[in-house]
Amino acid sequence: MTHIINIQQLAVKLQQKIILSDVCLSLESGDILGLVGPSGCGKTTLLNTIAGFIEQSSGEIVIDNNEAITTTTPVPPELRNVGMIFQDYALFPHLTVSENIGFGLSKLSKQNKATRVAELLALLKLTEFEDRYPHQLSGGQQQRVAIARALAPQPKILLLDEPFSNIDARLRNELMIEIRQLLKSLNMSAIFVTHNKDEVFTFADKIAVMTDGKILQFGSPVNVSQKPNSWQVADFLQLGSWLPIQCNAHAGETALGSLGDFCQELSASEAINKTIDLLIKPQYLNYNASGIENVEVNHVGITEQGYHYLVNSIERNDKLSFERVSFYSNHIFHLGQRLSLSIQQHDYLLFDPNLAK
Amino acid sequence: MITGNRSKIWRVVSWIIASSVVLPILVMLVSGLTATTELFSHLWETVLPTYLYNTIAIAVIVCSLSAIFGVISAAIITQTNIYGKTILRWFLMLPLAMPAYLVAYLYTDLFDYAGPVQRFLRSFFGWQSPNDYWFFDIRTVLGAGVIISLVLFPYVYMLARAAFEQQDQNLFRASRLLGLSAPKSFLKIGLPLARPAIAIALSLVLMETLADFATVQYFAVNTLTTAIYDTWLGYGDLPAANALASILLFMVFVVVLFEQKARAKQRHQSNRPKRSEQVIELSISQQIIACAFCWLLVAFGFLLPLGLLISMSVEYADMDQFIGLLEPGLNSVELAFYAASLSTLFALIVVLYKRLHHDRTKGLPVNISGFGYAIPGTVLAMAMLATFGPLDTWLNELAVIMNMEEPGLILSGTIFAIVFAFIVRFSAIANGTITSGVEQIPRSLDIAPPSLGMGMIKGMFKVHLPLLKSSIFIAWLLVFVEAMKELPAVLVLRPFNYDTLSTQIYQLISDEQLEQGALGAILIVIFGLLPIIWLNKHEDNT
């Protein structure tokens, strides 16, 4: 299998501080990878290391089966054949749209350069703006110029730093789909950084969740959202609420009742007789009109999917008590109302929040 | 907002300050432009073409050299890994503290036929007479240009350096990823983007060059400034001097327009300054050349002249010289104190007027009172004479009519005229400093006192003035220092037998006796260092 980029055991230290450690990634040609994680987790550092703006302290980066980039064989950014779209676009303010797009084409003849620029202007629907300066364009147009400029020298891979953070929320989704289709039509591989999980699920083929300079999980969005491999991944992607659960040999006790027959998946030493967390997605919570009241509504919101409620356990001082669990319902409840909720049988996801740290 | 009678008084005071600052200039212009055409054609047929030629030639030389010195040193400091960067970074600003006329005198001493350099060369090579070898003559238009550039290039250096450092690092990253190396990226992105800043710096350099009097006077290179001085003090021809001053003012005005245009183009600054990752690694030979370039500028612009001054004072300084300094020193301090205090007070009045009032023309007094910053001291002096001379005559006539004793030249013949000229010239500095201080105060603090039941004016004393304390001090200090250094205006306007530090040193230079005033010269350099040290500290804080 040919990888467009292959990163092995990459580590970065800045001023004695470890920013990235043991990062391994590989991407197939044409794939779009979304790097997500809380701010300060190292995702932008990873992008800048791939681009060559930050020196790695160990490990290797191979781009398009070229010679590996290591600490002993460094390659300057201008020779890496990597394109980048910056959060603020970084358009050259003293050059026109055409000159910006043609900036990286100095090796082409005048004629070929003009042809290529015209091609890109057409592809990104910028032809009528070719003689304008960046400050005369709207935010969306500026972004299209940035994309055209990065694509012009035909890079092997495109890096995008928070590409949609400056875009109006209403246009964002539309634009993401448009750019995704463009990249797919060109079979362009891309890595983009975001702290917005919704962007990843719309835009990416692969997702890597990062915390503290490490990649916690790497895989397809479906895979990661259905089978998060750690408490941190599930928590960052907000895949559901956390419900404390105490496991014994064959059953689990929660504030919403006991669950049977699931603990065999956990090795005895790990979970038995400990209080850990059950990841509970809203769709697995059922409202019972007549059961024993076990929760109290503490927030009511309205969404397109019906009413959104946050509830806390009625029992407050127990190790199984919880502050906020989220669920949706078409029933109308009021603040402070006590209800009965139960957990539907499903593939339970249990995590020890202290384990990964 | 401030309303009622107090507001009206404030407005009237602001406008009086603003108009009294420009009125003398207008009077001079009118008298200069209405000078007889006969006089003008006489000037044109005799000396004016040479004066103009010399003025323009020096301006061109100074601009070119300052641009070369300033831009290259700024590029080396910001773009490369040059050794000793932290020291050089601010050492390159030091020449600004060195008055050009001091350097001119010291280097003439050093490099002319009888000076140590040529004496050494003659004894080393066994040359007998000037015919045996070639050596550059420093007392020429080119020599004056080089010396003025050596002390003015830091303007270009500072503004270009700030421009390079404030450029968005992502622009350079984008350029690198599009295939350009770091040096090429600098040439294609960094340099073009810094053009407006460089243009602004060059126009400041030009203004200072056009204002220079003592250097060219010492080198006997006749320019418009020396011509104004000679025409008035030599021939007592006030209309002709006014006419020449008007021509010079017109040239300055063109430069100011150019500067304003450049300022308007300055945009795109980033809060994400460039980091060390973009640094261009120099090879050893490049390192040596870059270091030599920067250190030579520092050496010739500051260290060497300072060293010469120090060795002079070690050799010649004694108690008599020190006592001789006292009176002119106190005069300087007195003048500078009045100028600084009044300029700062006026700046507070006009700047806060703009901030706290709502009429449509509230910004005009600030802008008008800052108008004098570009005007050469010699021209200002002519403006004072053109305005206060007739006023004094009128006052004396009035006194005679009223049977009182004639007061003499109480306006044009006392330090009043000098302080007035200082205020016109340095108001812009005070206005600028106070304005930037005022801009840091959130608008909500203007209306907070009234919302708590306190009147606007009382609120201003309780809120704005305490917050402006450091700006007020800095404005005062900057004007004080500039006033200590100012020479040409004082030379023309000073009362008989009245000397300041700078006029005394100028006098000693003219008499080729600087040794007698070396201590005073060092003092002037030290005063010049104060704002540079402040600038450097200010920069570290931001």
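The expected span of a helix is taken as 1.5 Å times one less than its number of residues. Put to work on helix H1 of chain B in this predicted model, that rule does well: the helix runs over residues 4-33, so its 30 residues should cover 44 Å, and the C-alpha atoms at its two ends sit 42 Å apart, which agrees.

H1(B) still has a bend along the way. A kink of about 30 degrees shows up at B:Val22, and the proline B:Pro24 follows shortly after. B:Pro24 itself is one of the buried residues of the helix, a set that also takes in B:Ser14, B:Ile17, B:Ala18, B:Val21, B:Ile25, B:Val27, B:Met28, B:Ser31 and B:Gly32. What do the buried residues of H1(B) pack against? Their partners are helices of chain B, namely H12 (238-265), H14 (319-356), H15 (364-369), H16 (377-401) and H17 (415-439).

On confidence, chain B comes out with an average pLDDT of 86, and 96% of its residues score at least 70. Element by element, the lowest mean in chain B, 76, belongs to helix H2 (residues 37-45), while helix H3 (residues 48-79) has the highest, at 94. For the model, the scores are ipTM 0.76 and pTM 0.81.

Turning to chain A, the secondary structure adds up to 9 helices and 19 strands. Its C-alpha atoms fill a box of roughly 80 × 45 × 35 Å along the principal axes. The domain assignment splits out domain 1 (3-225) and domain 2 (241-351), and the C-alpha centres of these two domains of chain A are 41 Å apart. Of the 357 residues in the chain, 38% count as buried. As for how chain A is wired together, take the contacts between residues at least 6 apart in sequence: 65% of these join residues at least 24 apart.

That leaves the place where the two chains meet. Here 18 residues of chain A are in contact with 16 residues of chain B. Which element supplies the largest share of the chain A side? Strand E5 of chain A (residues 82-85) does, with 3 residues. Sorted by class, the chain A side that touches chain B is made up of 12 nonpolar, 4 polar and 2 charged residues.

Conventions:
Residues numbered from 1 in each chain as written. Chains lettered and ligands numbered in written order. Predicted model: local features only at pLDDT ≥ 70, side-chain atom pairs only at ≥ 80, totals over all residues. Helix = DSSP H or I, 4+ residues; strand = E, 2+ residues; numbered from the N terminus. Bend = angle between axes of the 7 residues up to and from the residue. Buried ≥ 20, exposed ≤ 12 C-beta atoms within 10 Å, placed from the backbone. Contact = placed C-beta atoms within 7 Å. Domains from an automatic or database assignment. Nonpolar A, V, L, I, M, F, W, Y, C, P; charged D, E, K, R; others polar. pLDDT = per-residue confidence, 0-100.
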